[in-house]
Amino acid sequence: MAVRMASSYSILRYASPPFCGFRRARGFMLQKNIELAVRFSVMRTSSSKMFSARDYSSFSLVEIVMEELEALRRRPKRIRATSKAGLLSSKELIEDKLEKRVLRKGVLLEFRKDSDRILLGVAEKPDGKRNWMVSDQNGIMSSIKPQQVTYIVPGVEDFNHSEIPEFISKTQDLLDASLLEYAWEELLEKDKSVTAEGLAEIIYGGVDPLESYCAHVLLSKDELYFSVLESKGSCSVYAPRPTTQVTELLYRKRAKEAYEKELEEFVQLLKSAKELHFHSKPPKSSWMVDENIKHRILALEAHAIDAWKNDDQKKTAGEVLKAMGLQKTSSAAINLLIDIGYFPVHVNLDILKLNIRTLYSDEIFRAADEILATSCDPDKFNRRDLTFLKVYAIDVDEADELDDALSAERLQDGRIKVWVHVADPTSLVDYESLVNKEAMRRGTSIFLPTATYPMFPENLAMEGMSLKQGRRCNAVSVSVILHPDGRFAKIQIHTVMCNKSIAEYMVENSVIRPTYMMTYESASELLNLNLEEETELKILSEAAALRLQWRRGQGAIDTSAIEARIKVSNPDDPEPSINLYVENQADPAMRLVSEMMILCGEAIATFGSVNNIPLPYRGQPQSNISPSAFSHLPEGPVRSFAYVKIMRAAEMDFRKPIRHGILGIPGYVQFTSPIRRYIDLLAHYQVKAFLRGAALPFSAGQLEGIASLISVRVKVAKNLFSSSLRYWLLEYLRRQPKEKKFNALVLRFIKDRMAALLLVEVGMQASALVSVGVQIGDEIKVQVEEAHPRNDFLSLKEA
């Protein structure tokens, strides 16, 4: 092998290059000052504590760098003669040194294998007109193009590819990037450019193959001191960068190194947190103490929900995920945040994605407290005392805000009189108040299996507005006398201001004392017991039956269905407790409450129409398809499901009632949930102002504008509820034994034998392939094959 390469080569031989003995103070001090500035400008983490706060230095990096630059400008240039002769000007180098080196057999060369790898190899033989077969350092033979060659090592003939590993090893011994600084200073003062061989002469004192290749590696990897002036084939000429540019690059390099070190420390925090037991993981708040840690955690959170505030957040999250050896996907970010304890296992990402208002500001809390402490009832002397009535408040067992309650009596002529008592929040909250404006921003209370996010602050809703058992409560009471067929006459219209005769219906301010607070289950049980002392509840049930019969005669469509309700205890635990309730809307108590709420809505629509009150009147056109088209389907969920499929979208009018074809009534206003729904609260503001004889707070146009904003928020809340309910239903099914069988009702066929099903014991719709011969309305048995809540995936098979 014709190559000058002694086995005694080592880094010790070139520890002191030709001008190393009088090292330049200028470059040395510049680099040290840059290091010092960056060191003081970056926060360091204490190694003794995993989540300790970082210290900030008062040193200004900009000041340090600028002072150094000023000192360099003032210092006179020193001209020295290099110990090496023969340095050429840039022009001369370009002309004399950019000769084209020819590929030939036995040449040692460096080539780019792909975008990430640069290898050493030996040219073995031509491959066609231009390409060459090369044996690389791994012993692999491949064909390369001339443009892939990045350097041909000079002075090498008939190199054996088996000696490449030894050559690489000796190269590593000689590589010292700090040598470039000395050469840079020398060449900068002389305004000279250099090739790899010229650099080898300067820093190693020789230009043998090993020294030349080491110089090439240093130059090709250098990002500080030199830049490529011109290239020709595999030969390049390098020029020293200006001092100011090197200063800036040095700063960036040190800053990058500090940033990477900080990232490495953060990654170690993540790995440490991952290894901890669930109950030992750091609390969420601990990740918010240090600003740098907080920045990266919030970037991961934004990545988890695909909601980056800027490109920097996206880049930061990607860097962290890559450093953790994870893919840059939202699911990877979610799982990482769960693994470190920042997210609970069952985190509801939709709350974050939709930016749901889950907390109240201190300002709103103070305003609510002030209302409770100082408010007075503007209708105190204009309320009817109805505390003599037996009042039933029927709702789900976990309801916190009770908006409505019911009473009934049978008149001497045999007709039924019912009262719908509705909570009166407008007697506390003025429509121009901060609390009302916050309620309008929310639009509705949000009820999830894991939590409730109320429209009003909880203390105000619970203590000041909600109906309470045994306590005197302000209300707006709507009373209606029903005809034997279930309708109520609209000839005589009376309010509290015109009460000289008995009214067919009446809207008035009242005071009530709720007698019973009961669940639907307990109300149904009382109805079944048919107790003599609970005659009023029986009368309410009779009134509900009359109303349902009358509405059906007016074209109402029965859409009652079987629905699920879930309550999750300790939702932040990995395995929280899931309580499933399946509700049949045809249940007597649920039917009773539903009919009374519809009756109240019809009465308020009539009241508004007669008195020309702008209200959010709701209607729904009937479908062009007659309900009789589904008469062949079994009554109950199957027929209701078919009806829902043909229902048209609801409509709103703010000047007059419009027919509600689905309910079978001439007009309807949502009025019975003013603590939970802002659209109901709007109706209360209008009705209450009319009862006082005051100016109405909103015109029809203003109501329309507010309602359009609210409808968006209500839609978001409904979607959030639906997705959250489905997640926990899937989690419930995931936990069931694989062998468990569920009853499933066939609702319709989607395609071929793929059927839409209702899981009767779960109250959930799903789909599965069913056997030939199974018909709509049949009940079959199914088993759960797979359930993945996070991926919203459920696979069923017929048992």
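Start by selecting Ala 586: setting aside residues up to four places away in sequence, this residue touches Ser 560 and Arg 591. What you have open is a predicted model, so treat the tour as a walk through a prediction. Ala 586 sits in the loop that runs between β18 (577-584) and α18 (588-610). Is it buried or exposed? Neither fully: with a relative accessible area of 38%, Ala 586 counts as partly exposed. Now add Gly 636 to your selection. The two residues are 50 apart along the chain, yet their C-alpha atoms are separated by 8.4 Å.

**Step back for a moment**

Zoom out and show the whole chain as a cartoon. You should be looking at 21 helices and 25 strands. The chain has 799 residues, and 49% of them count as buried. Take the contacts between residues at least 6 apart in sequence: 69% of those join residues at least 24 apart.

**Two helices that cross**

Go back to α18 and select α17 (residues 535-553) along with it. The two helices pack with their axes 9 Å apart, at an angle of about 65 degrees. Which way do they cross? The crossing of α17 past α18 is left-handed.

Turn on the side chains where they meet. On the α17 side, look for residues including Leu 537, Leu 540, Ala 544, Leu 548 and Trp 550. On the α18 side, the residues taking part include Leu 592, Met 596, Ile 598 and Leu 599. There are charged residues to find as well, among them Arg 547 and Arg 551 in α17 and Glu 595 and Glu 602 in α18. Sorted by class, this contact has 10 nonpolar, one polar and six charged residues. Arg 591 in α18 takes part here too, and you have already met Arg 591 as a residue touched by Ala 586.

**A buried asparagine**

Next, select Asn 509, which you'll find in strand β15 (residues 505-512). Its relative accessible area is 0%, so Asn 509 is buried. What does its side chain join up with? Show Lys 688: a polar contact of 3.5 Å links the two side chains. Then colour the other residues around Asn 509. Beyond neighbours within four places in sequence, its contacts include Asp 379, Asn 382, Arg 383, Arg 384 and Asp 424. Ala 475, Val 476 and Leu 691 are also in contact with Asn 509.

**Following the rings**

Time for some aromatics: the structure holds 13 aromatic pairs. Pick Tyr 431 and Tyr 685, an edge-to-face pair with 6.0 Å from centre to centre and 75 degrees between the planes. This pair ties together distant parts of the chain, 254 residues apart: Tyr 431 is in the loop between β11 (416-423) and α14 (434-442), while Tyr 685 is in helix α20 (residues 678-692). Tyr 431 is partly exposed, at 31% relative accessibility, whereas Tyr 685 is buried, at 5%.

Keep Tyr 685 selected and add Phe 698. The centres of these two rings are 6.5 Å apart and their planes stand at 75 degrees, so this pair is edge-to-face. Where is Phe 698? Look in the loop between α20 and α21 (700-735), 13 residues from Tyr 685. Tyr 685 and Phe 698 are both buried.

For one more group of rings, select Tyr 151, Phe 159, Phe 167 and Tyr 213, which form one aromatic cluster.

**Loops to finish on**

Move to Asn 348, in the loop between α11 (330-339) and α12. Its side chain reaches the backbone nitrogen of Asp 350 at 3.1 Å. Beyond neighbours within four places in sequence, Asn 348 is in contact with Leu 448, Leu 720 and Ser 724.

From there, go to Asn 355, in the loop between α12 (349-353) and α13 (362-374). Asn 355 is exposed, with a relative accessible area of 64%. Check its backbone: phi is near 55 degrees, a positive value in a residue other than glycine.

Your last stop is Asp 752, found in the loop between β21 (742-751) and β22 (754-759). Asp 752 is not a glycine, but has a positive phi of about 50 degrees. Asp 752 is also exposed, with a relative accessible area of 64%.

Methods:
Residues are numbered from 1 along each chain as its sequence is written. This is a predicted model: local features need pLDDT of at least 70, side-chain atom pairs count only at pLDDT 80 or more; totals for chains, interfaces and linings use all residues. Side-chain values use heavy atoms; hydrogens and water are left out. Helices (H or I, at least four residues) and strands (E, at least two) are DSSP runs, numbered from the N terminus. Buried means under 20% relative accessible area, exposed over 50%, partly exposed in between (1.4 Å probe, protein chains only). Contact means heavy atoms within 4.5 Å. A polar contact is a pair of N or O atoms within 3.5 Å; within protein, one must be able to donate a hydrogen and the other to accept it, and residues adjacent in sequence count only if both atoms are side-chain atoms. Axes are lines fitted to C-alpha atoms, for helices over the stretch in contact, and angles run from 0 to 180 degrees between N-to-C directions. A crossing is left-handed if the near helix is turned anticlockwise from the far one by less than a right angle, and right-handed if clockwise. Ala, Val, Leu, Ile, Met, Phe, Trp, Tyr, Cys and Pro count as nonpolar, Asp, Glu, Lys and Arg as charged, and the others, Gly among them, as polar. Rings of Phe, Tyr and Trp (its six-membered ring) pair if their centres lie within 6.5 Å; planes under 30 degrees apart count as stacked, over 60 as edge-to-face and the rest as tilted.
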